[in-house]
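Please open the model in a viewer and keep the sequence panel at hand. The tour below proposes one selection after another and describes what is found at each.

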Amino acid sequence: MTVTTEADGEKAGAPNPDRMLLARERILGFTARGVFHEDDARAERLARAMADRAGLTRENDTIGRLLKSALGKTLDAESADFHLDEFETSRDGVPAGIADLVHPMSPRDFFERQYDQRRPMLFRGPPDRFSALMDWDDVNEIIHARNLKPPQLKLWSDGQAFPVTDLFSRAYGLGSRKLQPADERIDGHRLTRYLQNGATLIVDSIGTIHEPIKTLIAAIEASLGTHATANLYVSYRRQRGFSTHWDSHDVYVLQVRGSKDWRLFGEMRRAPTESDVAANMLPPARPIWSGTLNSGDLLFIPRGWWHDACVPEERDGEGSIHLTAQLQQYTGRDVLTWLAAKLAARSELFRINVPMYAGPEAAEAYREALTSLVEEAWRQFTVKDFVDDMRTAWSEDTRLHLDKRVDPWTRPDWDAHRIVVCGTKQATLQAGPDASSFRLTANGFTCEFDSRCKPLVIAMLGGVSVGDLKRLDPERFPATFIDRFLVSLLVADTVRTAPPESA
Ligand SMILES: [Fe+2]
């Protein structure tokens, strides 16, 4: 989106504040998140029902072997061949990011190993390692006081989803007062009965409503420059919530309270993704690993690995809370999309119509030109460039201050407001296309500025009050200039303000 395009007509030394921000463009980013959709579950139930009817369920092993020989691929690893890598960590306290989750490995060692060979890993930790993330009071408060609704709130048992709308009361008080849908309250007695009878309660994207998990997810996103999310699972009984399945995203299982038995059945196929998945149908008959996660333990399950979980028999009736943190992975498909967007932005050839009906000569000329363009782009490609762009495409939540004025520059205490560039964790400054401009990349945008305002932008990157900004170089940047410049940045959502503490 171009905010202002021209900076001409200005006298040197008297910049126009409205024209200091030359342009602002959204960076190509990826927001799709891998989730286990209900559609997948429906497809799986249907497939199971069909397999049952055909008497195939007990024959999975045979079918697997037949497929294996037909496709020449390993579908069912032998348990004797499999060894789960297990690590011990003494780290406790609130986990602050990916480094705390994979400790004692360093994140680099962890990801290097995952690149070589994608395998599950188990990290045993002290029982209270994750306890600050969620306790039972938090669960009660989240369900009741937040009045969660589907699709964020789910109930599953043995691979079946319950219609959660049944849980909501449509009347209360004297019994005849009907509630509007938004007023409907979750019926605690009914929910408790479902859980007592073996259902698993699931709250998707728990980080959006629970601060300690939000902080952890934000730290993971900031350190890796990728999207992450976390779901909450609460169960008491032996029944599994989901049946044996695999996911199209990597999963970090954090056992927060209680215990859970987990089983791994091997890899469906290497690194399936959301967009090219096969049906999630028939798991291998036998697990290749099973074990108990106790509070403080973390199990990493790469995408594509069959798995399931249930409360251990000896702890039936005791509550278990676990979280799954899911990280979005970038794949070759993303690299190509990114490269295509870059080529389209800078090359007319990449934007013109494919000469489908213009005759063989035009078709050949187009093919040759396009091939050399793409080959040149590939020659220049580096993973680092891709990572840099993905990191800078990362954008932060916008923290609201709706108790304050939405136009803070009209307030008498405006000069005491603090100005912060949005998304500074990933911000970079680069030279512009010529010496008269520079680029700030942050919060999913690239902003091109007139180079004369560089001292102001650098000051804002570190966080600065409006008053201090006005005192930076009053001769060059008088107070009225600063005000207009900041308003243009606020309107473009490039900076945000924090009101004074006392306001
Ligand atoms: Fe899963």
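## A three-stranded sheet

Select Leu264 to begin: its bridge partner in β14 is Trp289. The model is a predicted one, in which local features need pLDDT of at least 70 and side-chain atom pairs count only at pLDDT 80 or more, while totals for chains, interfaces and linings use all residues. Residue numbers start from 1 along each chain, following the sequence as written. Strands (E, at least two residues) and helices (H or I, at least four residues) are DSSP runs, numbered from the N terminus. Two strands pair if DSSP finds at least two bridges between them.

Extend the selection to β13 (residues 259-267) and β14 (residues 289-294), which pair in the antiparallel sense over six bridges. Within this pair, Ser259 stands opposite Asn294 in β14. Next add β16 (residues 305-310), which pairs with β13 in the antiparallel sense over five bridges; here Leu264 stands opposite His307. The result is an open sheet of three strands in the order β14-β13-β16, with antiparallel pairing. Because β14 and β16 at the edges each have a single partner strand, one side of each is left without a neighbour in the sheet. From one strand to the next, the twist averages 25° (angles run from 0 to 180 degrees between N-to-C directions, and axes are lines fitted to C-alpha atoms, for helices over the stretch in contact).

## The nine-stranded sheet

Now display the open sheet of nine strands, whose order is β2-β3-β15-β12-β17-β11-β10-β4-β5 and whose pairing is mixed. Its edge strands are β2 (85-88) and β5 (160-161), each pairing on one side only. At the β2 edge, four bridges join this strand to β3 (residues 121-124), and the two run parallel. Pick Asp85 to see one such bridge: its partner in β3 is Met121. Helix α7 (residues 211-224) packs on the sheet, where it touches β11 (228-235) and β17 (320-327); the direction of α7 makes about 145° with that of β11.

## Two nonpolar cores

Which residues have the most contacts inside the largest nonpolar core? They are Tyr252, Val253, Leu254, Leu298, Leu323 and Ala325, in a core of 54 residues. A nonpolar core is a set of buried Ala, Val, Leu, Ile, Met, Phe, Trp, Tyr and Cys residues joined through C-beta atoms within 7 Å. A residue is buried if 20 or more other C-beta atoms lie within 10 Å of its own, exposed if 12 or fewer, and partly exposed in between, with C-beta atoms placed from the backbone.

Centre the view on Tyr252. Leaving aside neighbours within four places in sequence, Tyr252 is in contact (C-beta atoms, placed from the backbone, within 7 Å) with Leu101, Leu298, Phe300, Thr324 and Ala325. Apart from the largest core lies another, of 25 residues, including Ile419, Cys422, Cys453 and Leu469.

## Gly423 and a hairpin

Move to Gly423, in the loop between β18 (418-421) and β19 (428-431). Gly423 counts as buried because it has 22 C-beta neighbours inside 10 Å. Show Thr494 as well: Gly423 and Thr494 are 71 residues apart in sequence and 8.8 Å apart in space, C-alpha to C-alpha. From here, follow β19 into β20 (residues 437-442): four bridges join these strands, which run antiparallel, and they form a hairpin with five residues between them. In β20, Phe438 is the bridge partner of Ala431.

## An open helix and some backbone details

Select α10 (residues 360-380). Is this helix buried or in the open? The number of buried residues among its 21 is zero, so α10 lies largely in the open.

Two cis peptide bonds merit a visit. The bond from His103 to Pro104 is cis, with omega near 15°; Pro104 lies in the loop between α3 (98-101) and α4 (107-116). Another cis bond joins Pro150 and Pro151, with omega about 10°, and Pro151 is in the loop between α5 (136-144) and β4 (153-157).

The loop between α5 and β4 also holds Asn147, which has a positive phi of about 50° although it is not a glycine. Finish at Asp158, in the loop between β4 and β5; this residue, not a glycine, has a positive phi of about 50°. With 13 C-beta neighbours inside 10 Å, Asp158 counts as partly exposed.

Methods: Two residues are in contact if their C-beta atoms, placed from the backbone, lie within 7 Å.
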